[in-house]
Amino acid sequence: TLKPMFLFPSDPRYSKSKPDPSFLSDYRIAKQLDPSTTCFSETGDTVIPTWIWFGWMLKPTEYQAVVKKVIGVPVFDTESYRKAHWFPRNYELIKEFTPKTIWFEGTNSDEYLEQLVYPELLRSFPSGSCLVKDFVKSAKDHWIESCFIPCIPDKENTLKVIKSFLKEKSLTELEGGLLFKQFVNIVSKETRMFFFKGKLLCKQHYSKEFLDRTQQIITEIKR
């Protein structure tokens, strides 16, 4: 069985010859552990027998474009990627372990927000608070203005936060639709866990430096 190779985004200034600078350290580690590691470029064919994407989070349509361009077989096809990437696609599997969540795939017009989204928020979280995000990300860096809804019955502020989030994301960046997750006040450090084929590869507190994570992940997958 062929072991998967790692496909990194390339630096657009150098076509496919160099990795995106944001992933340079990861790429160097991957290259040392697996010389077959390579970069993807939209301007030329990439030949790689079986591969795993190691780069920016892509929209499912963007991932599909990579799949079509690369001459080789992805470990995760487009539908598998969508299922893992969009929270609603795996909610049923984990809902007993995660806060209550509802979502919408509508037009996000003012009329839609007021007549459909807001009444459903009241029914689902009658007196509580929640977070607004899309199917992948929130705008947590703008917590008060575009992420946290402290009192859903306060219709004016609730709609204000939702509209601010939509403005923050813009329609072109919105992934899937609107998603609302019950707010749970947990006081702890953010922990990120990386799995492959049902196996936990590594777990660590969130930080900007993940170099030891990269080595762990690649070593485990290549075994």
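1. In this predicted model, strand β3, spanning residues 46-53, and strand β4, spanning residues 70-74, are paired in the parallel sense, and the pairing runs over four bridges. One position that can be checked directly is Thr50, whose bridge partner in β4 is Val73. Between the two strands the chain passes through helix α2 (residues 60-69), and the resulting β-α-β crossover from β3 to β4 is right-handed.

2. The β3-β4 pair belongs to an open sheet of four strands, in which the order is β2-β1-β3-β4 and the pairing is parallel. The edges of this sheet are formed by β2 (38-40) and β4, each of which pairs on one side only. On average, and with direction ignored, neighbouring strands of the sheet are turned by 55° against each other.

3. Helix α2, besides providing the connection from β3 to β4, packs on the sheet and touches β1 (5-9), β2, β3 and β4. The direction of α2 makes about 115° with that of β4, the strand to which the crossover leads.

4. Helix α5, which covers residues 110-124 and so has 15 residues by its numbering, deserves a separate look. From its first C-alpha to its last, α5 reaches 20 Å, which is close to the 21 Å expected at 1.5 Å a residue. The helix nevertheless bends by about 35° at Val117, and a proline, Pro119, follows within four residues.

5. As for the surroundings of α5, the buried residues in this helix are Tyr112, Leu113, Val117, Tyr118, Leu121 and Ser124. The residue at which the bend is placed, Val117, is thus listed among the buried ones. When reading such a list, it helps to recall that an α-helix has 3.6 residues a turn, so residues three or four places apart point the same way.

6. For the protein chain as a whole, there are eight helices and ten strands, and the C-alpha atoms fill a box of roughly 55 × 35 × 30 Å, taken along the principal axes. Of the 223 residues in the chain, 42% are buried. Where contacts join residues at least 6 apart in sequence, 58% of these contacts are between residues at least 24 apart.

Key. Residues are numbered from 1 along each chain as its sequence is written. This is a predicted model: local features need pLDDT of at least 70, side-chain atom pairs count only at pLDDT 80 or more; totals for chains, interfaces and linings use all residues. Side-chain values use heavy atoms; hydrogens and water are left out. Two strands pair if DSSP finds at least two bridges between them. A crossover is right-handed if, with the strands pointing away from the viewer, the path from the first strand over the helix to the second runs clockwise. Axes are lines fitted to C-alpha atoms, for helices over the stretch in contact, and angles run from 0 to 180 degrees between N-to-C directions. Contact means heavy atoms within 4.5 Å. The expected span of a helix is 1.5 Å times one less than its number of residues. The bend at a residue is the angle between axes fitted to the seven residues ending there and the seven starting there. Buried means under 20% relative accessible area, exposed over 50%, partly exposed in between (1.4 Å probe, protein chains only).
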